Each structure stands twice: as C-alpha cells, then as structure tokens.
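Work through the exercises below with the model open. Try each task before reading its solution.

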Number of protein chains: 2
Amino acid sequence: MKNSIGREIPKEVINERSLFQGAFFKEEEIKKVAPIIKPVKPSHNKLLSTIEEAIIKCGLKDGMTISFHHHFREGDYVLNMVVDIIAKLGIKNLTLVPSSLNNVHSSIIEHIKNGVITKISTSGLRGKLAEEISNGLMEEPVIIRSHGGRARAIENGDIKIDVAFLGAPSCDEYGNASGSRGKGNCGSLGYAKIDALYADKVVIITDSLVEFPNMPASILQNNVDYVVQVNSIGDPAGIASGATRYTKNPKELLIAEYCSKVITNSGYFKDGFSFQTGTGGSSLAVSRFLREEMKKQEIKASFALGGITKPMVEMLEEGLIKNIFDVQGFDLSAVNSIDKNLMHHEIDSSFYANPHNKGCIANKLDVVVLSALEIDTDFNVNVITGSDGVVRGASGGHCDTAACAKLTVIVTPTIRGRIPCIVDAVNTVVTPGESIDVLVTELGIAINPRRNDLIEKFKGIDIPIYTINELKEKVESIVGIPDNIQYDDKVVAIVEYRDGSIIDVIKKVK
Amino acid sequence: MKNSIGREIPKEVINERSLFQGAFFKEEEIKKVAPIIKPVKPSHNKLLSTIEEAIIKCGLKDGMTISFHHHFREGDYVLNMVVDIIAKLGIKNLTLVPSSLNNVHSSIIEHIKNGVITKISTSGLRGKLAEEISNGLMEEPVIIRSHGGRARAIENGDIKIDVAFLGAPSCDEYGNASGSRGKGNCGSLGYAKIDALYADKVVIITDSLVEFPNMPASILQNNVDYVVQVNSIGDPAGIASGATRYTKNPKELLIAEYCSKVITNSGYFKDGFSFQTGTGGSSLAVSRFLREEMKKQEIKASFALGGITKPMVEMLEEGLIKNIFDVQGFDLSAVNSIDKNLMHHEIDSSFYANPHNKGCIANKLDVVVLSALEIDTDFNVNVITGSDGVVRGASGGHCDTAACAKLTVIVTPTIRGRIPCIVDAVNTVVTPGESIDVLVTELGIAINPRRNDLIEKFKGIDIPIYTINELKEKVESIVGIPDNIQYDDKVVAIVEYRDGSIIDVIKKVK
C-alpha cells in the first residue's frame, strides 16, 4: 500500500498503524495516559546502593519497556551500564525506547543477539549498531520517531515505559535531578522530563549526589522512585563537547550567506520573530549572519528554539534574543547559560514539538533552518539513511519543526563525496515535501512551488534561483546519476511521522 | 459506622468511600488519570473575546465539573463572573471544585438555589455561603478536601475536571500564564497548576494580556485551550493584602515564644532543618523568634514551605533559608520575591502535599506550626467549624503537613470569646490526633503521649508542661463547659482525609 506521498508500505508492517496522509491530517481528540505509581511515605528511603537493586525493586520483568535519554550524547555510560546489568539478571525480551542512540551504544548489539533487547524505538541510530540493524540484526523493525513524535507516543500510550533509567549530572537522595551542578553537565534534560512524568517507575542514576533539595531541578522528587549513585555517568568531554567552532569551509559559508538572505528577505524577519537553527557548519554560520543583520536593522527575536548553541546564548546575553527555549544544549555555552540566565528556559519534548498537545512551542516558530542528507524533487527530505542505504542519522526535531515553522529552509551542499544530494526520490522520507519552503545550496536556491508567495518576495535577491529540477540536473551533469541501492524485502525500520502514521520504511541493504 | 478515631459516619454518605483508618493506612498502587485533549495546530487562535464564547467552545454541558483557584483570595472576581455567565447560558447541575471558597463567593448561594451548582468540593467555606450550607442549603453534602487531598483526587480521577477557568494576573495569547507581571499579582499559582494539567479544557482569564511568550510561566501554553481578556480579574487589595503586620497581642506573643522554645529544644532545630509556619499572629511571631535563634546558633534552614509570608522571604534574602517552596503567597513580599529570587520556587499542590505521589515536599518537613479552632483530649484538631457548629474555615494543608512533619505543633489560645478551645471531642475532626505532637497555649504546653521521647527532650525547658486533660480542666475551671451544639441528622459536608477516606462529617445546625 502507498501513503499519500507515494511511499510503498508493506502490508505486514502496517498492523493497526495508519499511513501518512498529510502533515496535519489527524484531527481527533487524544486520550492521554498516566502511570501507575506507588505512593512514597515520609519515612521512605529512595537511595539504593546499586543499579541491580533498583532493577529488582522496580520489578523489571521479561517483556517490559525501558527508557533512557541521550543528553549525554557520545559521552553516555548509563545505557550500556544498565543494559549490561539487566542482561546479567537474565531478563529478556525488552523493548528499548531511548530518546536516541549514538555510536557509544554499540554494545547493545550483543544484547540484541542474546535476546535481552528485542524491540527498539529511537530518534536515531549511528555507527556499528546502525549498520548491523540495517543489515537485518533485529527481527522486529526499529521504530524511528521524531522528538515531538516520541513525546506524543508517550503521552497517548503508544510507548508505555515500565522503567525509566535516567542519568543526571546531579541529584539529591530524594530524586530532585538536574543537568547542572555535577561532574559532567549536560544542561537541559528536556527529553528525560517526559519519561519521568509517564514511566511507572523512575530511577535516577547520578555520579554527584548533592545536598537535599537539589534546586532548581529538571526532574522533581514526586516523579522519582529510586536514586542510585555510581562512579561515573559519562565522559564529560563527550557530554558537552566544548566550544562551538565556526566553519571556514567556503561552500558552507556561501550556503549560510544565501540562507541568511533568504530569511531576511522572506518577510518573516522582523522585530519579534522566532527561529531555530541547527548545529551543522552552515547552520551555525547562519546564526552569525542573522546576528549582524539583527543588529543592523535593530530587530530583536522573541525566542530561539531547539538544540541550543553558543551563538544563541551570545544573542540572548546581548539582548538580541529575548527567550531561549532549550530542549537540549549542544555545547558548553548552552550548558553554562541555562542555570544562570533567567530567560533561558528548559523545556520538555512535549512543550517543544508534540503535535498532539494544546500547542507546542514549535507551532510559534517563524523560521527554521534544517539540514538534509538528501532532498528530492518533491522536496521530501532524508536525514536518516546514507547514500548506501544504511542508517546513519536521526529524525530529531526535523519533521516537527519543518511542519510548524512559517518558513522552513533546508541547507545542504548539492554534492557530498561525488554523490548528489538532490535526487528524484530520496532513499527514506523523514520530512514530507509539503513542509519544506526553500532549499538553499551553494549553487543557489529552489523554492517549493507551494510557496509562490515567496517567489514574489525574492525578486531582486542576489542569489541564483532555480527550480529544484534544474538544480538536480545541474548536479547530475557534474557527477552523473549513481546506481540505485539494492535492498532486500525485509523491513529493518519504520519511520513514523510525528502524528504516529507511517511515512516510510527502511529495508535491509543487500 | 465508626471510623478508627471513633467518629460516627452515617451509612448513606459512605457509598463507595472508605472510612479513615490511620494517617498512612493506604498502601496500594495508584492508577493516575489523564485528560482528553484537542490538539492545537500552528494556525489555531486561542484568544477569544468573551467568557461566554469560551464556555461554548469548551462544550460545557449540564452535569459537568468546573474548577477555579483561590489565589486571588478575597479579591477574586473570576469565579462569580464565570458562574454568572454559565447561569445565563442555562447550564445546570454543575459540580464546582475550586481549590477553596471565600467570603467573596457568596453570590454562589443564588446559583445553588437556581440549580446551576448542585455539588461542591472545596478546601474551605466562609461567610454567608458557609452559613447557608451549614443550614442545609444543598441537597448533596459538600466535600471538604485538604490541599494535598485535592491534588490526590484530581490525579486519581476522584475529581474529573471538565473545564478549568483559571484567572491569571498575566497571560499571552497562547496561554502562557503567570501570577506576576499584571495589575493584581498573586505570585505562586500552585493550586491552579494541577487543574491545568488534568482538566480536559483549560481557559485562562486575564486582565493583562502581554507579549508572547510570557515567561517564566506558571501554566504553560501546551496545557491551555483558550485565553480570554477581561477588564478585571480581581481587586489587587484583596489579592495580596499588603505587608504582614506583626502581632502585639501579648497572649499571641507568649504562645509564639513558647512555640519557639518547643521547636528549638525538640532536637529537630539544627543546621539544614526545614519548617512551615502559618499566617496567624502567633505563627508569624514564631518565624521572628526562630530567626533570632537561627542567627544566634548559626543555623541555616534547608527550606521553608507552604503559604509564604514576609518573614520567610527576609530569611531567604538574609541567607538563613536556602530554599522557599511556594504553593501560595500570602503577602506582597512573597508575591514580589517569587519572580526575583532564584531559590524561591513555585510548586504545585501535588508536589506540596499529595500523599499519593512518589514523595511530596511535605514528606521532608521537620517542623510545622499549625493553628486550631479546637483540639480535643485525643489531640484531634478542628479547623473547619466554629463553636456554633457552622463552617467557617478551611482544611488547607493542615492534615497534610501534620501527617508528614517530624514535629507538628498546634498553637492556639485556650479560650476564644469565653469558649474553651480544648475540649473532650472537637465538633469536627480535620486532622487526627496521631499527627499532632505538641499543643502550645498561653498557659503552657501538652505533649501527645505518643511522643514520650519529647518529654525527655523538654526536661529543663522553662515552660509549664501539662497533660492535655489538665489543660482542658484548667480552662473549664475558668469558663465552664458550654452546652453541646444541636445538630440535625442531615449531613451538609463530608470531611475527607488527605488519602480520600472519610474522617468526619458536618451536620446541619439546628
């Protein structure tokens, strides 16, 4: 069966799921869910000596669902540590629902092979684990969910977390947990906050047990069952990767310059506008260009959103941005700012981008700048599979913010390693073309025909404007058309759209 | 049938409710509930012109449940305004579940008579409305709930709010609401926060519509359906009643002095201790005495909790208190501090005192000082009915904090207007004697025999120590024993203990 953007979805993976029918197709009321909790009395002690004890006290059993967050990025020790202990306890057949998985989690391969983990839902997969999964490691397809989609799934019960194991840079003995005031700080705990609210059992794992009450806290004691202190929750260098470096790559700088011109000429660049930019070289450079233009035109932004980086923090401190909404800090500047700046707000992933609450902050975005591994002539974007068809990325907030923002700009070079990035049909659709307004490349820009109003706005702009087909042909004339990737029939991952419908599947590479 | 403290509960009011069997009797797991919500898309407009429009858009119908908060105290215009409009729309048979009701809400009498309001659950009732209800105005008994008990009831579905009408001193067009930055500020919106999380529909009513995003916010946009701007949500003078005045009443000062000595000699007064004191003359004076002693002994408090007053704010700013947890601000000092002081934390009523979450902050209280209208020789406390049997108070956080704190002190004069406050059996039990450790009066103190350890601690203290029976007899020897109040059989109110069991009933006065 085909969904509304023409992607073939095999019948056997559909089950009771719906097929994607458009970004805002779903209209119905949502019955939210809630956890079953064990009341905690005044005399109760939450502090346990070992993770093993916590697993046992939580009653973790075969077939249950466990969650983790990815705020420690490539520095994370928590997920591997906990799953190793679960495996030693002989518990099997678990569903793993972290907010995302990184290179550091390749030891999970072993626990998939030995039957400890049999299902996974995640925003992304990288490295060896991603490769093995693309090669058919798991029987059940992985479910790829966006950050907003994961919050939605947790809030409506599609994901039911039995036990959340949440690493925290600091915590007190009663469960007040923070991303600050520890040995390896991550700043916002935005993805973990939702798990703490909806999991039946919540275990905080920390290497900095601090004086009660550990305030302000990201996760509050009244949502926490147990606290375990360990030697180390992660490698500080991997958790917050130092200062952000500005790109000197001329291609990236040109893309950033074009992107800034697109934004400043779009009609959305005015006092009180809001924006989200990513962490790629071009995206960071966009922030720098915008900053200059904001100063020149005396424009202040209402808010900056998303994964937070140094340029945003600087603009907040300069008064160029009034508010930062931070679901995830990307560098030390963000980590240091959140505890210090009153208008730097920690947000959870539902507030960030859940399509099925009463209005996420992404709904109020004017401009978002997003990257792409590939984009096709229908403007569909792939950020999850590489040119070899292997999973190598994450859905993240891509389809969430793209759907919501008034102006969604994709920045990408036209070619990566002699492989074209503009194609007839992307390997995998994460974000549907209907959400994309402008593609910006080093050769020039292409405007989605759905946004003819922008063609009018960009008259007189000193950037080459093409149709996306023209851009594609230009690129193909340089590097040719690569052979199609050969896939097996086996589905290794289902890509969920933020509303829970299936937008695409990823098949086993041959 | 009698409950465990011997109060007779008529069979017809029990239904499926349980009878009180002890402060921490309930052990079972709790299945929390969650609202049904209508997702809000980016283009959606939440700002409506009138309350009438909001009522209609929320689909309010006969038989539904509506909620309000009491943070505007005697200054509140919102509840009367909304119920008047509901009445004009012809909607009947509603259950009214405000966090509390005050003198200002006497116009509800009319709407009970005309069938608009047929059931009420509240922390308290005062003035004309309380009198009429005590005289049998309603067919259904009112349910009196503590602040923690109300949060519990909302979280487990005993109270299902269809529409919450929440007044906010400031709000933006997308529903980010705050108790600050308006015309009449109330500071913490602690009781309203829970309603916003659990009501199917949430309407914010404000008289200060401010620029988006109104941050930091007490209630977030992703929990709000509609926003209505009105001329005035309340009388600022009634909302925050200016500066707190210290008592000069010698009896109150003596009680406060005795109380301070009880606390400082109890063994709980040490570095890192925590406390809650109320707003009565004696309670406020206690804070002042404690402050001097803390300075002298170089003791710092970990946190102060509860309804927040000027003395606590001063101690926070002096560094004598490290954290304030604020579910409700009682004066302008509290209102002004919450937005300014990083360690002055707004908390919701579940975090405050819900017995059935994973650990409320009341659980961590060392010392609480509470008042009483009456206390009996079993140490049971009445804070809800006057000496004439008429409702004239509120359950508040009384039984919540009394149950949780390591040291619960009741401060009361022995006599009010020639009526003894120490009696054989209180008119109405709100807090069971098992939760009370020490009674402090102007004549001396009485220690609950359950706390023989304290008798040891208080050896050498220069306060007269009596048994509670001795104190009662002393008082009776002065003013005699008043005649018993004459009641009808009709139950006008059920007093719920914080865990949802029935601790007492209030009958119609003859």
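The exercises cover the chain interface, one helix, salt bridges and some unusual backbone spots.

This is a predicted model, in which local features need pLDDT of at least 70, side-chain atom pairs count only at pLDDT 80 or more, and totals for chains, interfaces and linings use all residues. Residues are numbered from 1 along each chain as its sequence is written, chains are lettered from A and ligands numbered from 1 in the order in which they are written, and side-chain values use heavy atoms, with hydrogens and water left out.

**Exercise 1. The interface**

Task: Describe how chain B meets chain A, by contacts, by buried area and by polar pairs.

Solution:
- Step 1. Start with contacts, meaning heavy atoms within 4.5 Å. Here 58 residues of chain B are in contact with 58 residues of chain A.
- Step 2. Take the buried area, which is the accessible area (1.4 Å probe) that two parts lose on being put together, summed over both. Between chain B and chain A it is about 5000 Å², and carbon and sulfur atoms give 57% of that.
- Step 3. Find the main contributors in chain B. Ile37(B), Asn222(B) and Lys358(B) lose the most area to chain A, together 17% of what that side buries.
- Step 4. Turn to polar contacts: pairs of N or O atoms within 3.5 Å, where, within protein, one must be able to donate a hydrogen and the other to accept it, and residues adjacent in sequence count only if both atoms are side-chain atoms. The two chains share 34 residue pairs in polar contact, both residues being at pLDDT 80 or more.
- Step 5. Assign the elements. Helices (H or I, at least four residues) and strands (E, at least two) are DSSP runs, numbered from the N terminus. Among the elements of chain B that each supply at least two residues to the side touching chain A are β1, β2 and α13. The largest share, three residues, comes from β15(B).

**Exercise 2. One face of a helix**

Task: Decide how the buried residues of α16(B) are arranged around its axis.

Solution:
- Step 1. Check the length. Helix α16 of chain B (residues 468-479) has twelve residues and reaches 17 Å from its first C-alpha to its last. The expected span is 1.5 Å times one less than the number of residues, and for this helix that is 16 Å, close to the span found.
- Step 2. List the buried residues (buried: under 20% relative accessible area; exposed: over 50%; partly exposed: in between; 1.4 Å probe, protein chains only). They are Ile468(B), Leu471(B), Lys472(B), Val475(B), Glu476(B) and Val479(B).
- Step 3. Look down the axis. The buried residues of α16(B) fall within an arc of 130°, so they line one face of the helix. The arc is taken from the directions from the helix axis to the C-beta atoms.
- Step 4. Step past the end. Gly480(B), just after α16(B), has a positive phi of about 75°.

**Exercise 3. Salt bridges**

Task: Find which parts of chain B the pair Glu155(B) and Lys32(B) ties together, then examine Glu496(B) with Arg152(B).

Solution:
- Step 1. Set the rule: a side-chain nitrogen of Lys or Arg within 4 Å of a carboxyl oxygen of Asp or Glu. Over all chains this gives 63 salt bridges.
- Step 2. Take the first pair. Glu155(B) and Lys32(B) meet at 3.7 Å, N to O. Glu155(B) sits in helix α6 and Lys32(B) in the loop between β1 and β2, so the pair ties together parts 123 residues apart in sequence. Glu155(B) is buried at 5% relative accessibility, and Lys32(B) is buried at 10%.
- Step 3. Take the second pair. Glu496(B) and Arg152(B) meet at 3.1 Å. Glu496(B) is in strand β27 and Arg152(B) in helix α6, so this bridge joins parts 344 residues apart in sequence. Both residues are buried.
- Step 4. Cross to the interface. Chain B and chain A share ten salt bridges. One of them pairs Glu27(B) with Lys41(A), with the closest N and O atoms 2.7 Å apart.

**Exercise 4. Backbone spots**

Task: Locate the cis peptide bond before Pro216(A) and the positive phi of Phe379(A).

Solution:
- Step 1. The bond from Met215(A) to Pro216(A) is cis, with omega near -10°. Pro216(A) lies in the loop between β11 and β12 of chain A.
- Step 2. Phe379(A) has a positive phi near 70° and is not a glycine. Phe379(A) lies in the loop between β18 and β19 of chain A, and counts as buried at 2% relative accessibility.
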